[in-house]
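Q: Please give a close account of one part of this model, setting out its geometry, its burial and what packs against it. Then follow the connections outward to the neighbouring elements and to selected individual residues.

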Amino acid sequence: MRLVWTVMFALASSAAFAASPEDDYIAARDKAIAEIAAMESTNTPVETLDAANEKARADLETRLTALLGPFTVKDFPAAGKINIESLSSSDVGFGMLDGLRHGTEDGPSIVASTRGLVERWLKSRAAETDADLKLPTSFDAALKLDAFYTQAIGSDAAFTGTLDFALKKPEGADMVIARLGGWAQDVGPNYDQDVVVTVVKGNSVLIAEAQATPPLPKIAACDAVWSAADAAAQKLAKQATDESDENTSDAANAAWTKGDNDFRACLGKSLPADAAYPALLAQAQSLADKMAGK
């Protein structure tokens with residue numbers, strides 16, 4: 001009997017310490033990243049590197065498909081593509097959130113992940129030494145930051161929020177965060193905005209983005225805010241060119257950045273009173289409801 005209990009205890013202990021599907025995925029991902037880094041260090045031809053990258057991403061995509069299980073959000077494709085665009089640290093799209101993207105880059109899409117994968121990803125971002133890449137480990141705090149969406153689901157542009165929608169939390173959802181914002185590589189008025197909605201339900205984390213419908217209306221008062229800031233910044237930039245004054249150039253960039261922030265603040269304050277706002281709010285609510293399974 002003692003032998004039986006010893007064997008049973010050993011089996012139970014082994015099961016307790018067995019790697020989870022998330023552990024297996026992370027180990028496979030990190031191994032692929034290390035192998036590609038090693039190939040790069042030996043000046044492997046680009047074609048060979050690209051082939052290795054795609055093969056590894058395909059393997060990880062298969063693992064994620066099994067890990068995440070069936071995806072059944074209405075109006076979105078059941079099959080997803082890996083969200084990480086590259087496993088090479090020298091490429092754009094490296095280090096994005098682990099998950100599957102259902103939809104297209106040009107149309108509505110949802111990135112599906114798990115709370116565990118998001119928390120692991122945030123932990124890696126909290127260790128970043130670059131202040132622009134550093135994120136909090138707190139799940140709730142991170143989902144409210146522009147930098148989270150820039151790094152998690154974007155690759156070649158930065159996300160800047162315009163306003164947050166106050167949604168009714170769908171039944172069964174643990175958390176819903178909805179934002180209106182734009183993707184851009186530079187500062188300045190950006191009326192090409194997306195509705196971005198995150199729904200957390202149990203262990204599931206879904207992040208949707210869709211072009212704002214209807215398109216944002218032009219708001220003259222907000223355009224005037226940017227025009228004034230742009231004029232001031234250009235004057236400082238010209239002064240920097242004439243005097244070769246680096247400090248003045250920094251001042252010009254700061255003026256453009258402040259003008260961009262002030263423009264978006266104006267937009268966020270003005271939109272709720274605009275005729276387009278109810279439709280934008282309804283679009284965000286509809287996305288949240290679909291992701292929650294309503």
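**Helix α3 and its surroundings**

A: Helix α3 has 23 residues and should therefore span 33 Å at 1.5 Å a residue; its end C-alpha atoms lie 32 Å apart, which agrees. The expected span is 1.5 Å times one less than the number of residues. Helices (H or I, at least four residues) and strands (E, at least two) are DSSP runs, numbered from the N terminus. This is a predicted model, in which local features need pLDDT of at least 70 and side-chain atom pairs count only at 80 or more, whereas totals for chains, interfaces and linings use all residues. Numbering starts from 1 along each chain as its sequence is written, and side-chain values use heavy atoms, with hydrogens and water left out.

The buried residues of α3 are L49, N53, A56, R57, L60, E61 and L64. Buried means under 20% relative accessible area, exposed over 50% and partly exposed in between (1.4 Å probe, protein chains only). The list thus holds R57 and E61 as well as leucines such as L49, L60 and L64. In an α-helix there are 3.6 residues a turn, so residues three or four places apart point the same way. Among the elements that cover the buried residues of α3 are two helices, α2 and α4, and two strands, β1 (81–82) and β2 (100–103). Such cover rests on contact, meaning heavy atoms within 4.5 Å. After α3 comes G69, which has a positive phi near 80°.

Of the covering elements, α4 may be described next. Helix α4 comprises residues 115–126, twelve in number, and reaches 16 Å from its first C-alpha to its last, close to the 16 Å expected at 1.5 Å a residue. Its buried residues are G116, L117, V118, W121, L122, R125 and A126. The cover over these residues includes the helices α2 (21–41), α3 (46–68), α5 (139–142) and α6, together with the strands β3 and β7 (204–211). Helices α3 and α4 therefore appear in each other's cover: α4 is listed for α3, and α3 is listed for α4.

Helix α2 is listed in the cover of α3 and in that of α4. P21 is placed in α2 and is exposed, because its relative accessible area is 55%. The C-alpha atoms of P21 and S204 are 15 Å apart in space, although 183 residues separate the two in sequence.

Strand β3, which takes part in the cover of α4, runs over residues 109–114 and contains S109. S109 counts as buried because its relative accessibility is 1%. Beyond four places in sequence, the contacts of S109 are F76, R101, H102, G103, T104, I207, A208 and E209. With R101 in particular, the side chain of S109 forms a polar contact of 2.9 Å. A polar contact is a pair of N or O atoms within 3.5 Å; within protein, one must be able to donate a hydrogen and the other to accept it, and residues adjacent in sequence count only if both atoms are side-chain atoms.

Two residues of the loop between β5 and β6 follow. Q185 is located in this loop, which joins β5 (175–184) to β6 (193–201), and N190 lies there as well. Q185 is exposed because its relative accessible area is 67%, whereas N190 is buried because its value is 16%. Apart from residues up to four places away in sequence, Q185 touches D156 and A157, and a polar atom of its side chain lies 2.7 Å from the backbone oxygen of D156. Q185 also stands 9.0 Å from F159, C-alpha to C-alpha, at a separation of 26 residues in sequence. For N190, the contacts beyond four places in sequence are G182, W183, A184 and F263; its side chain reaches the backbone oxygen of W183 at 3.4 Å.

A last reference point relates α3 to helix α7. A237 belongs to α7 (residues 220–243) and is partly exposed because its relative accessible area is 23%. Leaving aside neighbours within four places in sequence, A237 is in contact with A252 and W256. From K55, 182 residues away along the chain, the C-alpha of A237 is separated by 47 Å.
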